[in-house]
Amino acid sequence: MDGREVTAAGVQAPRSFAGRATAWWSDPMPTARVAWLRLLVYPFVFLDVLVTTSWVRAHGDVPAALHRPLALGRLLDLPAPGPVLVPVLLVGLLGAAAVATTGRWPRAAGAAVFVLYLWWMLVAFSYGKVDHDRFAYLVALAVLPTVGRASTRDRQDSEAAGWALRSIQVAVVATYFLSAVAKLRYVGPEWVTSSVLLRSIARRGSAVADPLMDHQGLLVALQATIVLLELASPLLLRAGRTQRIGVAMAAVFHLATFVGVRIIFLPHLVCLPAFLPLERLRRRERGPEGDHPPPAGVPGAVTPPP
Amino acid sequence: MVVGSLLLCGSAVGTDDWFPLGPFRMFTNRANPSGRVRVVTLEAVDAAGRARTIRPPDVGLRHAELEGQLPRFQAQPALLEAVADAYASVHPDRPPLVSLELRERVRRIEDNVLSDEVSERTVSTWTVGR
(Lines give C-alpha, C1' and ligand atoms only; values in the text may rest on other atoms or scores of the structure.)
Protein backbone atom coordinates (compact mmCIF):
# COMPACT_ATOMS: atom_id res chain seq x y z
CA MET A 1 0.00 0.00 0.00
CA ASP A 2 2.93 2.32 0.80
CA GLY A 3 4.23 1.83 -2.69
CA ARG A 4 1.00 3.01 -4.26
CA GLU A 5 0.85 6.21 -2.20
CA VAL A 6 4.39 7.13 -3.05
CA THR A 7 3.71 6.69 -6.76
CA ALA A 8 0.47 8.62 -6.62
CA ALA A 9 2.34 11.51 -5.05
CA GLY A 10 4.88 11.18 -7.82
CA VAL A 11 7.77 11.39 -5.40
CA GLN A 12 9.74 8.27 -6.19
CA ALA A 13 9.23 4.80 -7.56
CA PRO A 14 8.60 2.13 -4.93
CA ARG A 15 11.45 -0.25 -4.27
CA SER A 16 10.07 -3.74 -3.71
CA PHE A 17 8.87 -5.89 -6.59
CA ALA A 18 5.45 -6.32 -5.01
CA GLY A 19 5.19 -2.59 -4.45
CA ARG A 20 6.16 -1.80 -8.01
CA ALA A 21 3.77 -4.43 -9.38
CA THR A 22 0.92 -2.99 -7.31
CA ALA A 23 1.74 0.53 -8.44
CA TRP A 24 1.91 -0.56 -12.08
CA TRP A 25 -1.35 -2.45 -11.83
CA SER A 26 -3.23 0.57 -10.44
CA ASP A 27 -1.44 3.31 -12.36
CA PRO A 28 -4.24 5.84 -12.96
CA MET A 29 -6.04 5.62 -16.30
CA PRO A 30 -8.97 7.62 -17.68
CA THR A 31 -12.33 6.91 -16.07
CA ALA A 32 -13.98 7.76 -19.39
CA ARG A 33 -12.34 4.71 -20.97
CA VAL A 34 -14.13 2.51 -18.44
CA ALA A 35 -17.44 4.15 -19.43
CA TRP A 36 -16.74 3.55 -23.15
CA LEU A 37 -15.70 -0.02 -22.51
CA ARG A 38 -18.93 -0.66 -20.59
CA LEU A 39 -20.81 0.56 -23.67
CA LEU A 40 -19.13 -2.25 -25.63
CA VAL A 41 -19.04 -5.01 -23.04
CA TYR A 42 -22.63 -4.86 -21.72
CA PRO A 43 -24.54 -4.54 -25.03
CA PHE A 44 -22.36 -7.41 -26.30
CA VAL A 45 -24.25 -9.70 -23.89
CA PHE A 46 -27.30 -9.30 -26.17
CA LEU A 47 -25.33 -10.12 -29.32
CA ASP A 48 -23.66 -13.07 -27.62
CA VAL A 49 -26.76 -14.60 -26.03
CA LEU A 50 -29.24 -13.95 -28.84
CA VAL A 51 -27.12 -14.22 -31.99
CA THR A 52 -23.55 -15.46 -31.97
CA THR A 53 -23.82 -18.17 -29.28
CA SER A 54 -27.57 -18.69 -29.36
CA TRP A 55 -26.97 -22.46 -29.18
CA VAL A 56 -26.60 -22.15 -25.39
CA ARG A 57 -30.38 -21.77 -25.11
CA ALA A 58 -30.88 -25.15 -26.79
CA HIS A 59 -29.25 -26.85 -23.79
CA GLY A 60 -32.53 -26.29 -21.96
CA ASP A 61 -34.00 -29.01 -24.20
CA VAL A 62 -31.23 -31.54 -23.51
CA PRO A 63 -31.95 -34.24 -20.88
CA ALA A 64 -29.85 -34.16 -17.72
CA ALA A 65 -28.25 -37.49 -18.69
CA LEU A 66 -26.12 -35.59 -21.21
CA HIS A 67 -25.19 -32.85 -18.71
CA ARG A 68 -21.51 -33.06 -17.73
CA PRO A 69 -21.18 -30.33 -15.06
CA LEU A 70 -17.83 -28.56 -14.82
CA ALA A 71 -15.88 -28.33 -11.56
CA LEU A 72 -17.30 -24.91 -10.67
CA GLY A 73 -20.86 -26.11 -11.29
CA ARG A 74 -20.28 -29.17 -9.07
CA LEU A 75 -18.66 -27.01 -6.38
CA LEU A 76 -21.66 -24.67 -6.29
CA ASP A 77 -24.03 -27.62 -6.66
CA LEU A 78 -25.87 -25.89 -9.49
CA PRO A 79 -28.98 -27.68 -10.80
CA ALA A 80 -28.89 -29.26 -14.28
CA PRO A 81 -30.20 -26.78 -16.87
CA GLY A 82 -33.74 -27.45 -18.01
CA PRO A 83 -36.71 -25.88 -19.78
CA VAL A 84 -37.39 -23.57 -16.79
CA LEU A 85 -33.93 -22.60 -15.56
CA VAL A 86 -32.52 -21.65 -18.97
CA PRO A 87 -35.21 -19.09 -19.96
CA VAL A 88 -35.22 -17.59 -16.43
CA LEU A 89 -31.45 -17.22 -16.53
CA LEU A 90 -31.66 -15.72 -20.03
CA VAL A 91 -34.21 -13.07 -19.05
CA GLY A 92 -32.33 -12.20 -15.86
CA LEU A 93 -29.04 -11.86 -17.70
CA LEU A 94 -30.46 -9.68 -20.47
CA GLY A 95 -32.29 -7.50 -17.92
CA ALA A 96 -29.12 -6.98 -15.88
CA ALA A 97 -27.14 -6.24 -19.04
CA ALA A 98 -29.73 -3.66 -20.12
CA VAL A 99 -29.48 -1.85 -16.79
CA ALA A 100 -25.68 -2.04 -16.81
CA THR A 101 -25.61 -0.56 -20.32
CA THR A 102 -27.45 2.53 -19.11
CA GLY A 103 -24.74 3.12 -16.50
CA ARG A 104 -27.22 3.10 -13.63
CA TRP A 105 -26.22 1.23 -10.46
CA PRO A 106 -22.92 0.26 -12.07
CA ARG A 107 -21.80 -1.90 -9.16
CA ALA A 108 -25.03 -3.85 -8.52
CA ALA A 109 -26.05 -4.26 -12.16
CA GLY A 110 -22.48 -5.06 -13.21
CA ALA A 111 -22.07 -7.66 -10.47
CA ALA A 112 -25.39 -9.25 -11.49
CA VAL A 113 -24.25 -9.46 -15.12
CA PHE A 114 -20.99 -11.10 -14.05
CA VAL A 115 -22.68 -13.74 -11.89
CA LEU A 116 -25.45 -14.52 -14.37
CA TYR A 117 -23.10 -14.60 -17.39
CA LEU A 118 -20.73 -16.95 -15.56
CA TRP A 119 -23.70 -19.21 -14.79
CA TRP A 120 -24.79 -18.95 -18.45
CA MET A 121 -21.30 -20.07 -19.45
CA LEU A 122 -21.54 -23.08 -17.15
CA VAL A 123 -24.80 -23.96 -18.95
CA ALA A 124 -22.97 -23.51 -22.25
CA PHE A 125 -19.89 -25.60 -21.54
CA SER A 126 -21.24 -28.47 -19.43
CA TYR A 127 -22.13 -30.73 -22.37
CA GLY A 128 -18.77 -32.01 -23.52
CA LYS A 129 -17.04 -28.99 -25.06
CA VAL A 130 -15.48 -25.92 -23.46
CA ASP A 131 -14.65 -22.85 -25.53
CA HIS A 132 -11.58 -20.81 -24.71
CA ASP A 133 -12.36 -17.33 -25.95
CA ARG A 134 -14.07 -15.96 -22.85
CA PHE A 135 -11.48 -15.52 -20.13
CA ALA A 136 -10.74 -11.84 -20.79
CA TYR A 137 -14.45 -11.11 -21.18
CA LEU A 138 -15.25 -12.72 -17.83
CA VAL A 139 -12.45 -10.73 -16.22
CA ALA A 140 -13.89 -7.56 -17.80
CA LEU A 141 -17.34 -8.37 -16.39
CA ALA A 142 -15.77 -9.04 -12.98
CA VAL A 143 -13.69 -5.85 -12.75
CA LEU A 144 -15.77 -3.20 -14.56
CA PRO A 145 -18.29 -2.93 -11.67
CA THR A 146 -15.49 -2.13 -9.20
CA VAL A 147 -14.91 1.32 -10.73
CA GLY A 148 -18.35 2.58 -9.73
CA ARG A 149 -19.79 5.58 -11.58
CA ALA A 150 -18.06 6.51 -14.81
CA SER A 151 -19.12 8.74 -17.67
CA THR A 152 -17.72 9.17 -21.17
CA ARG A 153 -17.54 12.87 -20.25
CA ASP A 154 -15.18 12.25 -17.34
CA ARG A 155 -11.84 13.96 -17.79
CA GLN A 156 -9.95 12.69 -14.80
CA ASP A 157 -7.81 9.60 -14.38
CA SER A 158 -8.32 7.29 -11.44
CA GLU A 159 -6.55 4.39 -9.79
CA ALA A 160 -9.81 2.43 -9.77
CA ALA A 161 -10.10 2.80 -13.55
CA GLY A 162 -6.42 1.97 -13.93
CA TRP A 163 -6.76 -1.20 -11.89
CA ALA A 164 -9.80 -2.41 -13.85
CA LEU A 165 -8.39 -1.57 -17.29
CA ARG A 166 -5.02 -3.08 -16.43
CA SER A 167 -6.74 -6.27 -15.24
CA ILE A 168 -8.54 -6.59 -18.58
CA GLN A 169 -5.32 -5.91 -20.50
CA VAL A 170 -3.47 -8.54 -18.50
CA ALA A 171 -6.31 -11.02 -19.13
CA VAL A 172 -6.10 -10.42 -22.88
CA VAL A 173 -2.34 -10.93 -22.84
CA ALA A 174 -2.68 -14.01 -20.63
CA THR A 175 -5.10 -15.53 -23.15
CA TYR A 176 -2.56 -15.19 -25.98
CA PHE A 177 0.48 -16.14 -23.96
CA LEU A 178 -1.09 -19.11 -22.18
CA SER A 179 -2.54 -20.45 -25.42
CA ALA A 180 1.05 -20.73 -26.66
CA VAL A 181 1.88 -22.47 -23.37
CA ALA A 182 -1.06 -24.85 -23.94
CA LYS A 183 0.22 -25.69 -27.43
CA LEU A 184 3.61 -26.56 -25.96
CA ARG A 185 2.03 -28.54 -23.13
CA TYR A 186 -0.41 -30.59 -25.21
CA VAL A 187 1.53 -30.98 -28.44
CA GLY A 188 5.06 -29.68 -27.91
CA PRO A 189 7.32 -27.62 -30.19
CA GLU A 190 6.29 -29.83 -33.10
CA TRP A 191 2.98 -27.95 -33.09
CA VAL A 192 4.74 -25.52 -35.42
CA THR A 193 5.39 -28.18 -38.05
CA SER A 194 2.19 -30.14 -37.48
CA SER A 195 -0.82 -30.33 -39.79
CA VAL A 196 -3.04 -28.32 -37.44
CA LEU A 197 -4.00 -25.60 -39.93
CA LEU A 198 -4.39 -28.14 -42.74
CA ARG A 199 -6.84 -30.10 -40.60
CA SER A 200 -8.69 -26.99 -39.60
CA ILE A 201 -9.09 -25.90 -43.22
CA ALA A 202 -10.07 -29.46 -44.23
CA ARG A 203 -12.83 -29.36 -41.62
CA ARG A 204 -14.08 -25.82 -41.99
CA GLY A 205 -12.32 -24.10 -44.84
CA SER A 206 -13.42 -21.33 -47.15
CA ALA A 207 -12.76 -20.13 -50.70
CA VAL A 208 -9.93 -18.00 -49.30
CA ALA A 209 -8.27 -20.71 -47.19
CA ASP A 210 -8.79 -23.81 -49.33
CA PRO A 211 -5.99 -23.01 -51.85
CA LEU A 212 -3.57 -22.86 -48.89
CA MET A 213 -3.98 -26.62 -48.42
CA ASP A 214 -1.59 -27.15 -51.32
CA HIS A 215 1.11 -25.02 -49.67
CA GLN A 216 2.16 -26.84 -46.52
CA GLY A 217 5.31 -24.70 -46.25
CA LEU A 218 3.20 -21.57 -46.04
CA LEU A 219 0.93 -23.16 -43.43
CA VAL A 220 3.96 -24.07 -41.30
CA ALA A 221 5.25 -20.50 -41.62
CA LEU A 222 1.85 -19.25 -40.46
CA GLN A 223 1.93 -21.66 -37.52
CA ALA A 224 5.39 -20.42 -36.50
CA THR A 225 4.20 -16.81 -36.75
CA ILE A 226 1.18 -17.55 -34.57
CA VAL A 227 3.29 -19.05 -31.76
CA LEU A 228 5.88 -16.25 -31.94
CA LEU A 229 3.20 -13.56 -31.75
CA GLU A 230 1.49 -15.30 -28.85
CA LEU A 231 4.77 -15.55 -26.95
CA ALA A 232 5.47 -11.88 -27.71
CA SER A 233 2.01 -10.79 -26.51
CA PRO A 234 3.26 -9.36 -23.15
CA LEU A 235 4.70 -6.53 -25.27
CA LEU A 236 1.09 -5.34 -25.57
CA LEU A 237 1.46 -4.07 -22.01
CA ARG A 238 4.14 -1.57 -23.08
CA ALA A 239 2.45 1.77 -23.56
CA GLY A 240 2.99 3.68 -26.77
CA ARG A 241 3.77 2.58 -30.29
CA THR A 242 4.50 -1.07 -29.43
CA GLN A 243 1.02 -1.33 -27.97
CA ARG A 244 -0.74 0.28 -30.94
CA ILE A 245 1.08 -1.95 -33.43
CA GLY A 246 0.36 -4.98 -31.24
CA VAL A 247 -3.37 -4.27 -31.06
CA ALA A 248 -3.49 -3.75 -34.83
CA MET A 249 -1.68 -7.07 -35.41
CA ALA A 250 -4.05 -8.86 -33.05
CA ALA A 251 -7.04 -7.42 -34.91
CA VAL A 252 -5.59 -8.53 -38.27
CA PHE A 253 -4.92 -12.01 -36.87
CA HIS A 254 -8.52 -12.42 -35.69
CA LEU A 255 -9.91 -11.10 -38.96
CA ALA A 256 -7.71 -13.50 -40.98
CA THR A 257 -8.81 -16.42 -38.79
CA PHE A 258 -12.42 -15.51 -39.45
CA VAL A 259 -11.98 -15.18 -43.20
CA GLY A 260 -9.95 -18.40 -43.36
CA VAL A 261 -11.74 -20.88 -41.10
CA ARG A 262 -14.83 -18.96 -39.89
CA ILE A 263 -13.69 -18.89 -36.29
CA ILE A 264 -13.88 -15.61 -34.42
CA PHE A 265 -13.24 -15.05 -30.72
CA LEU A 266 -15.80 -12.27 -30.32
CA PRO A 267 -15.92 -12.05 -26.50
CA HIS A 268 -12.15 -11.74 -26.50
CA LEU A 269 -12.23 -9.11 -29.26
CA VAL A 270 -14.65 -6.95 -27.27
CA CYS A 271 -11.88 -6.62 -24.64
CA LEU A 272 -9.15 -5.48 -27.04
CA PRO A 273 -10.28 -1.80 -26.95
CA ALA A 274 -9.14 -1.74 -23.29
CA PHE A 275 -5.75 -0.94 -24.84
CA LEU A 276 -7.07 1.93 -26.96
CA PRO A 277 -7.46 5.59 -25.94
CA LEU A 278 -11.25 5.35 -26.15
CA GLU A 279 -11.52 8.45 -23.94
CA ARG A 280 -10.37 10.52 -26.92
CA LEU A 281 -13.50 9.64 -28.87
CA ARG A 282 -15.43 12.39 -27.12
CA ARG A 283 -12.52 14.79 -27.06
CA ARG A 284 -12.20 14.42 -30.80
CA GLU A 285 -15.91 15.20 -31.13
CA ARG A 286 -15.13 18.58 -29.63
CA GLY A 287 -12.07 19.01 -31.81
CA PRO A 288 -8.41 18.51 -30.94
CA GLU A 289 -8.19 22.09 -29.64
CA GLY A 290 -10.54 21.27 -26.74
CA ASP A 291 -10.26 23.38 -23.64
CA HIS A 292 -8.43 20.59 -21.77
CA PRO A 293 -5.59 18.82 -23.58
CA PRO A 294 -5.42 15.06 -22.96
CA PRO A 295 -3.26 14.20 -19.96
CA ALA A 296 0.28 13.19 -20.79
CA GLY A 297 1.29 9.60 -20.25
CA VAL A 298 -1.98 8.08 -21.42
CA PRO A 299 -1.10 5.15 -23.67
CA GLY A 300 -1.50 6.28 -27.22
CA ALA A 301 -2.22 9.89 -26.30
CA VAL A 302 -0.87 12.41 -28.74
CA THR A 303 0.18 15.64 -27.12
CA PRO A 304 -1.01 18.53 -29.27
CA PRO A 305 1.80 20.74 -30.58
CA PRO A 306 2.46 23.76 -28.36
CA MET B 1 -3.13 -12.27 -7.40
CA VAL B 2 -5.22 -15.31 -6.46
CA VAL B 3 -6.89 -15.43 -9.87
CA GLY B 4 -3.50 -15.08 -11.54
CA SER B 5 -1.98 -17.94 -9.55
CA LEU B 6 -4.95 -20.23 -10.18
CA LEU B 7 -4.83 -19.37 -13.87
CA LEU B 8 -1.16 -20.30 -14.05
CA CYS B 9 -1.89 -23.57 -12.21
CA GLY B 10 -4.80 -24.16 -14.58
CA SER B 11 -2.57 -23.75 -17.59
CA ALA B 12 0.15 -25.95 -16.10
CA VAL B 13 -1.85 -28.90 -14.76
CA GLY B 14 -5.56 -28.08 -15.17
CA THR B 15 -8.08 -29.38 -17.65
CA ASP B 16 -11.14 -27.95 -19.37
CA ASP B 17 -13.03 -28.93 -16.23
CA TRP B 18 -11.40 -25.95 -14.45
CA PHE B 19 -13.30 -23.39 -16.55
CA PRO B 20 -12.80 -20.42 -16.52
CA LEU B 21 -9.29 -21.04 -15.20
CA GLY B 22 -8.35 -24.04 -17.33
CA PRO B 23 -5.70 -24.10 -20.04
CA PHE B 24 -6.36 -22.15 -23.25
CA ARG B 25 -6.26 -25.07 -25.62
CA MET B 26 -7.39 -23.50 -28.83
CA PHE B 27 -6.01 -25.62 -31.67
CA THR B 28 -4.05 -27.89 -29.37
CA ASN B 29 -5.30 -31.29 -30.42
CA ARG B 30 -2.53 -33.50 -31.68
CA ALA B 31 -2.07 -32.93 -35.37
CA ASN B 32 0.60 -35.30 -36.57
CA PRO B 33 1.65 -35.02 -40.22
CA SER B 34 -0.04 -38.39 -40.68
CA GLY B 35 -3.23 -39.41 -38.97
CA ARG B 36 -6.99 -39.19 -39.22
CA VAL B 37 -9.62 -36.47 -39.46
CA ARG B 38 -12.84 -37.56 -37.82
CA VAL B 39 -16.36 -36.33 -38.47
CA VAL B 40 -19.24 -37.64 -36.37
CA THR B 41 -22.73 -38.10 -37.84
CA LEU B 42 -26.09 -39.16 -36.40
CA GLU B 43 -28.44 -41.29 -38.51
CA ALA B 44 -31.98 -41.92 -37.30
CA VAL B 45 -35.29 -43.50 -38.18
CA ASP B 46 -38.45 -41.74 -37.01
CA ALA B 47 -41.83 -43.19 -35.99
CA ALA B 48 -43.11 -42.61 -39.52
CA GLY B 49 -40.40 -44.97 -40.79
CA ARG B 50 -38.40 -42.19 -42.41
CA ALA B 51 -34.60 -42.27 -42.30
CA ARG B 52 -33.14 -38.92 -41.28
CA THR B 53 -29.69 -37.48 -40.83
CA ILE B 54 -29.77 -35.58 -37.55
CA ARG B 55 -27.77 -32.38 -37.31
CA PRO B 56 -26.46 -31.65 -33.78
CA PRO B 57 -28.68 -28.53 -33.39
CA ASP B 58 -31.70 -30.83 -33.93
CA VAL B 59 -30.87 -32.36 -30.55
CA GLY B 60 -29.83 -29.15 -28.77
CA LEU B 61 -26.13 -29.86 -29.01
CA ARG B 62 -23.10 -28.61 -30.90
CA HIS B 63 -21.00 -30.82 -33.12
CA ALA B 64 -18.05 -30.67 -30.72
CA GLU B 65 -20.29 -31.66 -27.81
CA LEU B 66 -21.42 -34.78 -29.61
CA GLU B 67 -17.77 -35.56 -30.35
CA GLY B 68 -16.73 -34.67 -26.79
CA GLN B 69 -19.13 -37.27 -25.38
CA LEU B 70 -18.28 -39.90 -27.99
CA PRO B 71 -16.55 -42.21 -25.46
CA ARG B 72 -19.67 -42.09 -23.26
CA PHE B 73 -21.95 -42.98 -26.15
CA GLN B 74 -19.62 -45.83 -27.06
CA ALA B 75 -19.62 -47.18 -23.48
CA GLN B 76 -23.34 -46.59 -22.83
CA PRO B 77 -25.37 -46.77 -26.07
CA ALA B 78 -28.51 -46.28 -23.94
CA LEU B 79 -27.49 -42.61 -23.64
CA LEU B 80 -28.69 -42.20 -27.21
CA GLU B 81 -32.20 -42.39 -25.81
CA ALA B 82 -31.52 -39.01 -24.14
CA VAL B 83 -30.51 -37.72 -27.57
CA ALA B 84 -33.83 -38.94 -28.99
CA ASP B 85 -35.63 -37.22 -26.09
CA ALA B 86 -33.77 -34.00 -26.87
CA TYR B 87 -34.93 -34.29 -30.50
CA ALA B 88 -38.54 -34.57 -29.32
CA SER B 89 -38.10 -31.41 -27.20
CA VAL B 90 -36.52 -29.44 -30.02
CA HIS B 91 -39.01 -30.66 -32.65
CA PRO B 92 -42.29 -31.38 -30.85
CA ASP B 93 -44.07 -31.12 -34.23
CA ARG B 94 -42.14 -33.97 -35.87
CA PRO B 95 -42.59 -37.73 -35.40
CA PRO B 96 -40.30 -38.98 -32.56
CA LEU B 97 -37.18 -41.00 -33.30
CA VAL B 98 -37.35 -44.76 -32.85
CA SER B 99 -33.74 -45.59 -33.57
CA LEU B 100 -30.43 -43.76 -33.63
CA GLU B 101 -27.02 -44.63 -34.95
CA LEU B 102 -23.91 -42.62 -34.10
CA ARG B 103 -21.35 -42.99 -36.88
CA GLU B 104 -17.93 -41.59 -37.49
CA ARG B 105 -16.50 -40.83 -40.90
CA VAL B 106 -12.73 -40.90 -41.10
CA ARG B 107 -10.40 -39.39 -43.69
CA ARG B 108 -6.70 -40.14 -43.58
CA ILE B 109 -3.88 -37.62 -43.74
CA GLU B 110 -0.53 -38.89 -45.05
CA ASP B 111 2.45 -36.57 -44.71
CA ASN B 112 0.21 -33.53 -44.54
CA VAL B 113 -1.80 -34.51 -47.60
CA LEU B 114 -5.49 -35.22 -47.22
CA SER B 115 -6.48 -38.54 -48.83
CA ASP B 116 -9.72 -38.92 -50.78
CA GLU B 117 -10.38 -42.24 -49.10
CA VAL B 118 -13.26 -42.11 -46.61
CA SER B 119 -14.03 -44.90 -44.15
CA GLU B 120 -17.04 -45.11 -41.85
CA ARG B 121 -17.80 -47.03 -38.69
CA THR B 122 -20.67 -47.27 -36.22
CA VAL B 123 -19.86 -45.97 -32.72
CA SER B 124 -23.12 -46.92 -31.02
CA THR B 125 -26.76 -47.65 -31.78
CA TRP B 126 -30.07 -47.46 -29.92
CA THR B 127 -33.56 -48.67 -30.78
CA VAL B 128 -36.68 -47.70 -28.85
CA GLY B 129 -37.93 -50.27 -26.32
CA ARG B 130 -34.75 -52.33 -26.32
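A quick yardstick before the points: a residue is buried when its relative accessible area is under 20%, exposed when it is over 50%, and partly exposed in between. Keep in mind as well that this is a predicted model.

1. **An in-between residue in chain B.** With the yardstick in hand, look at B:Glu101. Its relative accessibility is 23%, so B:Glu101 counts as partly exposed. B:Glu101 is also half of a salt bridge, with B:Arg103 as its partner and 2.8 Å between the closest N and O atoms.

2. **How the two chains meet.** Chain A puts 50 residues into the contact and chain B puts in 52 residues. Between them the chains bury about 4,400 Å², and 64% of that is on carbon and sulfur atoms. On the chain A side, the residues that lose the most area to chain B are A:His132, A:Tyr186 and A:Arg199, which together account for 16% of what that side buries.

3. **Polar links across the interface.** The rule picks out nine residue pairs in polar contact between chain A and chain B, counting pairs with both residues at pLDDT 80 or more. As for which parts of chain A are involved in touching chain B, the elements giving two or more residues are helix H4 (55–58), helix H5 (71–75), helix H7 (106–125), helix H8 (135–143), helix H9 (159–186) and helix H10 (196–204). H9(A) gives the most, with eight residues. Sorted by class, this side of chain A comes to 30 nonpolar, 10 polar and 10 charged residues.

4. **Salt bridges between the chains.** Two salt bridges cross the interface of chain A and chain B. One of them pairs B:Arg62 with A:Asp131, with the closest N and O atoms 3.1 Å apart. If you want the wider picture there, salt bridges with shared partners join A:Lys129, A:Asp131, B:Arg62 and B:Glu65 into one network.

5. **A long-range pair inside chain A.** Over all chains, the search turns up 14 salt bridges. Have a look at A:Arg33 and A:Glu279, whose side chains meet at 2.9 Å, N to O. A:Arg33 sits in helix H3 (residues 31–52) of chain A and A:Glu279 in the loop between helix H13 (266–269) and helix H14 (280–285), so this pair ties together parts that are 246 residues apart in sequence. Both A:Arg33 and A:Glu279 are buried.

6. **Another buried pair on H3(A).** A:Arg134 and A:Asp48 also form a salt bridge through their side chains, at 3.3 Å from N to O. These two are 86 residues apart, with A:Arg134 in the loop between H7 and H8 of chain A and A:Asp48 in helix H3 of chain A. Are they buried or exposed? A:Arg134 has 3% relative accessibility, so it counts as buried. A:Asp48 is buried too, with a relative accessible area of 0%.

7. **Chain B in outline.** Chain B has four helices and four strands, and their order along the sequence is α-β-β-α-α-α-β-β. Of the 130 residues in chain B, 43% are buried. Taking the contacts in chain B between residues at least 6 apart in sequence, 59% join residues at least 24 apart.

8. **The hairpin in chain B.** Strand S1 (residues 35–46) of chain B runs antiparallel to S2(B), and four bridges join the two. B:Val45 is the residue opposite B:Ala51 in S2(B). Four residues lie between S1(B) and S2(B) in this hairpin, and B:Gly49 in the turn has a positive phi of about 85°. Along S2(B) (residues 51–54) the side chains alternate: B:Arg52 and B:Ile54 are buried and point to one face, while B:Ala51 and B:Thr53 point to the other and are not buried.

9. **Two backbone angles to check by eye.** Most residues other than glycine have a negative phi. A:Trp105, however, has a positive phi near 40°. A:Trp105 lies in the loop between helix H6 (85–102) and H7 of chain A, and it is exposed, with a relative accessible area of 54%. For A:Arg262, phi is also positive, near 60°. A:Arg262 is in the loop between helix H12 (241–261) and H13 of chain A, and at 47% relative accessibility A:Arg262 is partly exposed.

Conventions: Residues numbered from 1 in each chain as written. Chains lettered and ligands numbered in written order. Predicted model: local features only at pLDDT ≥ 70, side-chain atom pairs only at ≥ 80, totals over all residues. Heavy atoms only, no water. Contact = heavy atoms within 4.5 Å. Buried area = accessible area lost by both parts, 1.4 Å probe. Salt bridge = Lys/Arg side-chain N within 4 Å of Asp/Glu carboxyl O. Polar contact = N/O pair within 3.5 Å; in protein donor to acceptor, adjacent residues only side chain to side chain. Nonpolar A, V, L, I, M, F, W, Y, C, P; charged D, E, K, R; others polar. Buried < 20%, exposed > 50% of the residue type's maximum accessible area, 1.4 Å probe, protein only. Pairing = 2+ DSSP bridges.
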